[in-house]
Amino acid sequence: MSKRKLAVIVLAAGQGTRMKSKMPKVLHALAGKSMLSHVLSGVEKLNPERIVVVVGPGAKAVELAAKPHNTVVQTDRLGTGHAVKQAFGALGGFCSEGDAADIMVIFGDTPLIKTQTYEHMVDLRRSNDGPKLLGLAFRPAEPGRYGRVKQDAQGHVVGIIEHADASDAEKAIELCNAGILLGDGPTVYRLINQLDNNNAQGEYYLPVIFDFAYAEGLDTRAVEASEEEVMGINSRQELAGAELVLQKRLRADAMAQGVTLIDPATTWLSVDTKFGRDIIIEPSVFIGPNVEIADDATIKAFSHIEGAKIGEAAIIGPYARLRSGTVIGQGGKVGNFVETKNAILGEGAKANHLSYIGDAEVGAKANIGAGTITCNYDGFNKWKTTIGEGAFIGSNTALVAPVDIGAGAIVGAGSTVTKSVADDALAVVRGRLLDKAGAGASFRAGRKKIKEQKSNQNNENNKG
Ligand code: UD1
Ligand code: MG
């Protein structure tokens, strides 16, 4: 196998009008990251020498999302062949005559293609009798508007005809073009410069370079992928369809790694979710970006988790909400209707019911009672609360930050704590209890008497 350099050109200049969105299509997210980011990470694993993204005019956000890769702007959207040509400038001397380099062209709105598929194409191209030009094809249930791949008896690609230009006989071809191609750099360079826009759509069609290459007697081939893998996204409906495909892959990967998903169909994961082993995830759990879950943890039903690190054997939920900056120590417990944000809970610390723990550090084995709120925000700034090891915070306590509760300290239920509490101290902030013997009974008798008097008065009035 020959070692050749590789440049990848990502076409992402489409307007994506069918998304009906103010955001460029390729920035819409799937499983926690943008379509473009899926596409880029898919090809980054090939270690190409260059990646160039072709963007539309005014798409600053796409340029930022493409970083650190180069972007070029395609000012007029004159077709896929024209788009690739715009990228040539950014390739510099790469792929000039005689250069041992390949060019791969992929689409920014086709995010489900697996790295293995790209690798397979690269391996085939680099094999000793590898083709000069290689396409990716598929057999959709409904070939519809796709370009059709014409082959000769040996399976070489004779050419690709766009649906708009195809005869009835060509439309009957089942093998369709997925759009991705890989070829000898200098050859691709040269053939693209020969394209014209003399066709039904008046566009410079990239796939026509197959027709040129075959006519020159070059080896042109296609590898096949599943329809699901090459699915392009043009609408919200297709975005949802792609999300489902990705989720199925992520769920299968999680289970293969030793995670029990009680109801895979209602477990939502992100591409970057990291799992240990023997984790149990109950039904209806949403895991957003940047979450790590260690061995033996349990995530109970209806929990929403993002930006959190969950320690070994921790128990989260049901109905817990862990937000960014949450770290739960080994054996920690976060129960129903507890929200955490920027909160570090030490080993075995517990917040089991109805609490908000924000901008806080909670020591090992501390117990946070039901309804405890860290009042971290004064309308202008956020402040920190620290709770020492083994501290006990009684139910319905407001900890007004900045405040420190010492190790082993006890805070009585219903307290509003505005000053720090020393280690092992007992702090209770509440009005004194008034206990008057017999006052309840006499109060009741008094009220009863008033009620009777009122009712007698009403009867008199009605008679009159
Ligand atoms: C293209 C192929 C078709 C194939 C289909 C697979 C061509 C001419 N046709 O058709 O054979 O079956 O993909 O989905 O290539 N883009 C630009 N600049 C342009 C035009 C397109 O950057 O001027 C980008 C789009 O943003 C998109 C990709 O290229 O990411 C494909 O363009 P699209 O218009 O969707 O091509 P299709 O008509 O679907
Ligand atoms: Mg398309």
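This dialogue goes through a predicted model, from its domains to its ligand and its backbone.

Student: What should be known about the model before reading it?

Tutor: In this predicted model local features need pLDDT of at least 70 and side-chain atom pairs count only at pLDDT 80 or more, while totals for chains, interfaces and linings use all residues. Residues are numbered from 1 along each chain as its sequence is written, chains are lettered from A and ligands numbered from 1 in the order in which they are written, and side-chain values use heavy atoms, with hydrogens and water left out.

Student: Which domains does the chain have, and how far apart are the centres of domain 1 and domain 2?

Tutor: Domain bounds come from an automatic or database domain assignment. Here domain 1 covers 5–224 and domain 2 covers 236–427. Their centres, taken over C-alpha atoms, are separated by 44 Å. Contact means heavy atoms within 4.5 Å; 13 residues from domain 1 and 13 residues from domain 2 take part.

Student: Where does UniProt place the feature "domain: MobA-like NTP transferase"?

Tutor: UniProt positions are given in the numbering used here, feature names are shortened, and annotations may be inferred rather than shown by experiment. The unreviewed UniProt entry puts this feature at residues 8–129. Helices (H or I, at least four residues) and strands (E, at least two) are DSSP runs, numbered from the N terminus. Residues 8–129 are 34% helix and 21% strand.

Student: How many residues surround ligand 1, and which are the closest?

Tutor: A residue is near a molecule if one of its heavy atoms lies within 4 Å of it. Ligand 1 is surrounded by 20 residues, and the closest are Gly 14, Gln 74, Thr 80, Glu 162 and Asn 177.

Student: Which backbone and side-chain atoms lie by the oxygen atoms of ligand 1?

Tutor: A polar contact is a pair of N or O atoms within 3.5 Å. For Asn 177, a polar backbone atom is 2.6 Å from an oxygen atom of ligand 1. For Glu 162, a polar side-chain atom lies at 2.8 Å from an oxygen atom of the ligand.

Student: What is unusual to look for in the backbone?

Tutor: Most residues other than glycine have a negative phi, and most peptide bonds are trans. The bond from Gly 317 to Pro 318 is cis, with omega near 5°, and Pro 318 is in the loop between strands S21 (315–316) and S22 (321–322). The bond from Ala 401 to Pro 402 is also cis, with omega near 0°. Asp 278 has a positive phi of about 55°, in the loop between strands S14 (274–275) and S15 (279–281).

Note on methods. A polar contact is a pair of N or O atoms within 3.5 Å; within protein, one must be able to donate a hydrogen and the other to accept it, and residues adjacent in sequence count only if both atoms are side-chain atoms.
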